[in-house]
Amino acid sequence: MSQIDKTQEEYNKLVKKYQPSDSKVKNFFSAYLVGGLICLIGQIIIELLVGTGLELTDAASYTGLILILVGAVLTGFGVYDELAQFAGGGTIIPITGFANAIVAPAMEYRQEGYILGLGKQIYSVAGPVITYGILSAFLIGVIKLLLG
Amino acid sequence: MKKMKKLGQQTVKFIDPPQVISSASIVGKKEEAGPLGEYFDEVISDGYNNQKTWEQAQIKMTEDVLNLVLEKVKLSKDQIDCLLAGDLLDQTIASNFVARKFPVSYLGLFGACSTMAQSLAVGGMMVSGGAANQVVSFTSSHYQATERQFRTPNEYGDKYPPYKQWTVTGTGAMILSNQQGGVQIPSATLGKIIDLGVKDPNDMGSAMAPAAADTIIQHLEDTGRDPSYYDLIVTGDLGEVGKSLLLELLLEKGCSIQDNYDDCGVMIYNSNQKAGAGGSGCGCSAVVTASYLLPQIMYGNFNKVLVLGTGALLSPLTFLQGETIPCIAHAVVLEKTGQLTPGIGRPSIRSKLANKVENLSGNEG
């Protein structure tokens, strides 16, 4: 017998052989199903609000707020991350996913206090989205300005 | 007179083997629901364990297991010469903070999930060499506390790959002594760092398998033994993926262990428990060894067992900086002494194993 003398490339190939992977097709459809369902629920809320006589733009704003609330409450009850194991991108992309990304660290870092724990870490997951969201909004603004 | 002897490259042989006189474990609900559930001494109520934070929950659970392991053999804190421990939390706080309640010499160790085997090997050298009469080796891990340190907040909805492992909530402690015990440690092999370039922190099993393979080969070479010398060779927390990789790596070197090999991470959960590729964490090999393997060995269901603690020595920082994961595996040999000690095994397990042994000998007679 001798020592383990595989190169990194050889070992990498071996790892790929044994590493199970989720079916891409299944992931695609479960994300489509759940993401689509969340959007459908949003659309139903908009229609209901418009039905009560609200302007469409106001109804859309209220719908965003309601979905954020739902995402936050489901995170608090520990349901959202379970759902995400099935839905993947389907629960990350909609606005409920953003609520989850804010509430999850807020719940967790409360243990270190409200100022330096929760206050500091609340954007630990959503931070990159906010940073690069602002940057891309700026770039689009510049392009719009240039195109007149 | 020599008390220890170096064998080959990395192995220490204890001429007067240190004895395990007591062992105890405390686990979470999920571990209790697994196939080895009945073996564990105590179970905590939930992740918080009646504390304010997950870190404190881990500290409390570890403190309780230390008191339990002493209580089982009616030893007081001042009869212990040294504590050897480590864990996964930054600066190994779970172990350090527990030790402040024990006015005893303390050695903090860090071997990530290899800590149980590491602390048994170092403790064994202390007892065998005469530096201490009685030491306690212990370690712990906690799902939520570990998850948030190494990955994302617990409630954050990111999708885990199927090969990710589940950090065991659990703590195990063992007392090594120069007095007669139920199980002894005749030798130990200290591992070296092996890194075959795995970067994915969700795939610890693949990262650690080469280190485990290296230590197994080295141990067999140093001792001149064949894998069949052992009734069981068991790794700490390679999980399903790492287990298959280890078998293949060893087979390539002409070493076949599949008939007597298992992994604590695979043993601790049922396949329907949504634990991914199996358990991981310092607590994984600690609770399985303390509460399952030791009683089985003491009652002779296994006579000789090679236990490997497997550790992935990464930090969340090194992963972001694109580093690969250095890994290590330490091995200790656990052997039946033929004596029964009251400290090993829960009362219900002891009577079950004792009956089984009697029945077996009855049949043979």
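The following exercises, each with a worked solution, concern a predicted model of two chains, A and B.

Local features are reported at pLDDT of at least 70 and side-chain atom pairs at pLDDT 80 or more, while totals for chains, interfaces and linings use all residues. Residues are numbered from 1 along each chain as its sequence is written, and chains are lettered from A in the order in which they are written.

**Exercise 1. Strand pairing around β12(B)**

Task: determine which strands pair with β12(B), in which sense, and give the handedness of the crossover from β12(B) to β13(B).

Solution.
1. Helices (H or I, at least four residues) and strands (E, at least two) are DSSP runs, numbered from the N terminus. Two strands pair if DSSP finds at least two bridges between them.
2. Strand β12 (residues 232–235) of chain B is parallel to β15 (residues 304–312) of chain B, with 4 bridges. Within this pair, B:T235 faces B:L308.
3. β12(B) also runs parallel to β13 (residues 261–263) of chain B, through 3 bridges. Here B:I233 is opposite B:Y261.
4. Between β12(B) and β13(B) the chain passes through helix α7 (residues 239–252) of chain B, and this β-α-β crossover is right-handed. The term applies if, with the strands pointing away from the viewer, the path from the first strand over the helix to the second runs clockwise.

**Exercise 2. The hairpin of β1(B) and β2(B)**

Task: describe the pairing of β1(B) with β2(B) and the turn of their hairpin.

Solution.
1. Strand β1 (residues 4–7) of chain B and β2(B) are antiparallel, with 4 bridges.
2. B:M4 has B:F14 in β2(B) as its bridge partner.
3. The hairpin has 3 residues between its strands, and B:G8 in the turn has a positive phi of about 55°.

**Exercise 3. Domains and nonpolar cores**

Task: establish how the two domains of chain B meet and where the largest nonpolar core lies.

Solution.
1. An automatic or database domain assignment supplies the bounds: domain 1 (4–177) and domain 2 (183–340) of chain B. Their C-alpha centres are 16 Å apart.
2. Two residues are in contact if their C-beta atoms, placed from the backbone, lie within 7 Å. By this criterion, 58 residues of domain 1 of chain B touch 62 residues of domain 2 of chain B.
3. On the domain 1 side, α4(B) gives the most, with 7 residues. That side comprises 29 nonpolar, 23 polar and 6 charged residues. Ala, Val, Leu, Ile, Met, Phe, Trp, Tyr, Cys and Pro count as nonpolar, Asp, Glu, Lys and Arg as charged, and the others, Gly among them, as polar.
4. A residue is buried if 20 or more other C-beta atoms lie within 10 Å of its own, exposed if 12 or fewer, and partly exposed in between. A nonpolar core joins buried Ala, Val, Leu, Ile, Met, Phe, Trp, Tyr and Cys residues through C-beta atoms within 7 Å.
5. The largest such core has 114 residues, and B:M208, B:A212, B:V307 and B:V332 have the most contacts inside it. Helix α9 (residues 282–298) of chain B contributes the most, with 11 residues.
6. Both domains of chain B give residues to this core, so it lies between them.
7. A separate core of 13 residues includes A:F98, A:I102, A:A106 and B:Y156.

**Exercise 4. The interface of chains A and B**

Task: characterise the side of chain A that touches chain B.

Solution.
1. Contacts link 33 residues of chain A with 33 residues of chain B.
2. Elements giving two or more residues to the chain A side are α1 (8–18), α4 (80–87), α5 (89–92) and α6 (95–109) of chain A. Among these, α6(A) gives the most, with 7 residues.
3. By class, the side comprises 16 nonpolar, 13 polar and 4 charged residues.

**Exercise 5. Positive phi and exposure**

Task: locate B:N49 and B:K274, and classify their exposure.

Solution.
1. Most residues other than glycine have a negative phi.
2. B:N49 has a positive phi near 50° and lies in the loop between β4 (42–43) and α2 (54–72) of chain B. B:N49 is partly exposed because 19 C-beta neighbours lie inside 10 Å.
3. B:K274, also not a glycine, has a positive phi of about 55° and sits in the loop between α8 (264–267) and β14 (279–280) of chain B. With 12 other C-beta atoms within 10 Å, B:K274 is exposed.
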